[in-house]
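Reader: I have a model open on my screen and would like to go through it with you, piece by piece. Could we start with the strands and then move on to the packing and the charged pairs?

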Amino acid sequence: MTVERRPSFSWGRSRGCFGALFFAMFLCLLSAQARAQTGGSSSEPKILIAVTDLRNDANLGQSEISYLTDLVRNQASQVLPKSAFTVMTKESMMMLVPPDKFNDLCKQNQCEVEVGRKMGAQYIITGEILTYNGSLRVSLKAHVCQSGAFLGSETAKGTLDELEEGIKGSAKVVLDRILTDANIRTGSRSEEHTSELQSHSDLV
């Protein structure tokens, strides 16, 4: 009598498959959300913007760093036209690039561009907060992820309370540079779409 041997179950291989499947589903969900917000158009995918947490060189509390970073992220959501851009949430960025991986890339001086690429973003805004001559300073920088091009930086300074408005102003400056660059790179888009990008740029 021949005994049929069934293949043994490997939990390690299954976990790897489940992880890969979950990651693929997450990317599909992010892409589907972007298409839905543009009216379902697949010919004009949304431009992904990543805003990373400010690097804390001023020994502030984590809640203060999170609040100041959220000011930049919220400003991006308000200034950039939603029909063309998606501002990535902190949660989605952490799923794509976990904190330990982020720290490894930063140690290799690849924070801005490489992290943005691994997140699938077209543009990334990074920054740091430090103490200089008795006052706090926040420097924001914008990069194009694909080419690594540096679009510029802007600095806000003052007390912690004064930084709230200062960061908003600095964020508008770097966002204006992203809008200008996006206008150049999206010449194949419809005239209505390009006009909307330009109108938002004029308001900054």
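**Strands, core and charged pairs**

Author: Gladly, and as a starting point, Tyr132 stands opposite Ser135 in E5. Please keep in mind that this is a predicted model.

Reader: How do E4 and E5 pair, and over how many bridges?

Author: Strand E4, residues 123–132, runs antiparallel to E5, and the pairing extends over 10 bridges. The hairpin that they form has 2 residues between the strands, and there Asn133 takes a positive phi near 55°.

Reader: And on the other side, how many bridges does E5 make with E6?

Author: E5 pairs with strand E6, residues 150–158, over 8 bridges, in the antiparallel sense. In this pairing Ala142 stands opposite Gly152 in E6. The hairpin of E5 and E6 has 5 residues between the strands, with Gly148 taking a positive phi near 80°.

Reader: Is E5 largely enclosed or open, and how many of its residues are buried?

Author: Of the 10 residues of strand E5, which covers residues 135–144, 7 are buried, so the strand is largely enclosed by the rest of the structure.

Reader: Switching to helices, what span should H2 have, and what does the model give?

Author: Helix H2 has 18 residues, 62–79, and at 1.5 Å a residue these should span 26 Å; the C-alpha atoms at its ends are 26 Å apart, which agrees.

Reader: Which H2 residues are buried?

Author: The buried residues in H2 are Ile65, Leu68, Thr69, Leu71, Val72, Arg73, Gln75, Ala76 and Val79. As background, an α-helix has 3.6 residues a turn, so residues three or four places apart point the same way.

Reader: What about the largest nonpolar core, which residues touch the most other members?

Author: That core has 34 residues, and those touching the most other members are Ile49, Leu80, Phe85, Tyr123, Ile129, Leu175 and Ile178. Two or more residues each come from strand E1 (47–51), H2, strand E3 (85–87), E4, E5, E6 and helix H6 (160–185). H6 gives the most to this core, with 8 residues.

Reader: Which residues does Ile49 touch?

Author: Leaving aside residues up to four places away in sequence, Ile49 touches Leu80, Phe85, Thr86, Val87, Met88, Tyr123 and Ile178. There is also a second, separate core of 11 residues, which includes Met88, Val97, Val115 and Cys145.

Reader: OK, charges now: how many salt bridges are there?

Author: The count comes to 8 salt bridges. One of them joins Glu128 and Arg55, whose closest N and O atoms are 2.3 Å apart. Glu128 lies in strand E4 and Arg55 in strand E2 (residues 55–57), so this pair ties together parts that are 73 residues apart in sequence.

Reader: Which salt bridge lies in H5, and how far apart in sequence are its residues?

Author: Arg117 and Glu114 both lie in helix H5, residues 111–119, and they are 3 residues apart, about one turn of the helix. The closest N and O atoms of this salt bridge are 3.7 Å apart. Arg117 is partly exposed at 41% relative accessibility, and Glu114 is partly exposed at 22%.

Reader: What about Glu165 in H6, buried or exposed?

Author: Glu165 is exposed, with a relative accessible area of 54%. Glu165 forms a salt bridge with Lys168, with 3.6 Å between the closest N and O atoms, and Lys168 is partly exposed at 26%.

Reader: Last one: which residues are linked in a network of salt bridges?

Author: Asp53, Asp70, Arg73 and Lys90 are linked in such a network, and Arg73 is also one of the buried residues of H2.

Methods: Residues numbered from 1 in each chain as written. Predicted model: local features only at pLDDT ≥ 70, side-chain atom pairs only at ≥ 80, totals over all residues. Heavy atoms only, no water. Helix = DSSP H or I, 4+ residues; strand = E, 2+ residues; numbered from the N terminus. Expected span 1.5 Å × (residues − 1). Buried < 20%, exposed > 50% of the residue type's maximum accessible area, 1.4 Å probe, protein only. Pairing = 2+ DSSP bridges. Core = buried A, V, L, I, M, F, W, Y, C linked by side-chain atoms within 4.5 Å. Contact = heavy atoms within 4.5 Å. Salt bridge = Lys/Arg side-chain N within 4 Å of Asp/Glu carboxyl O.
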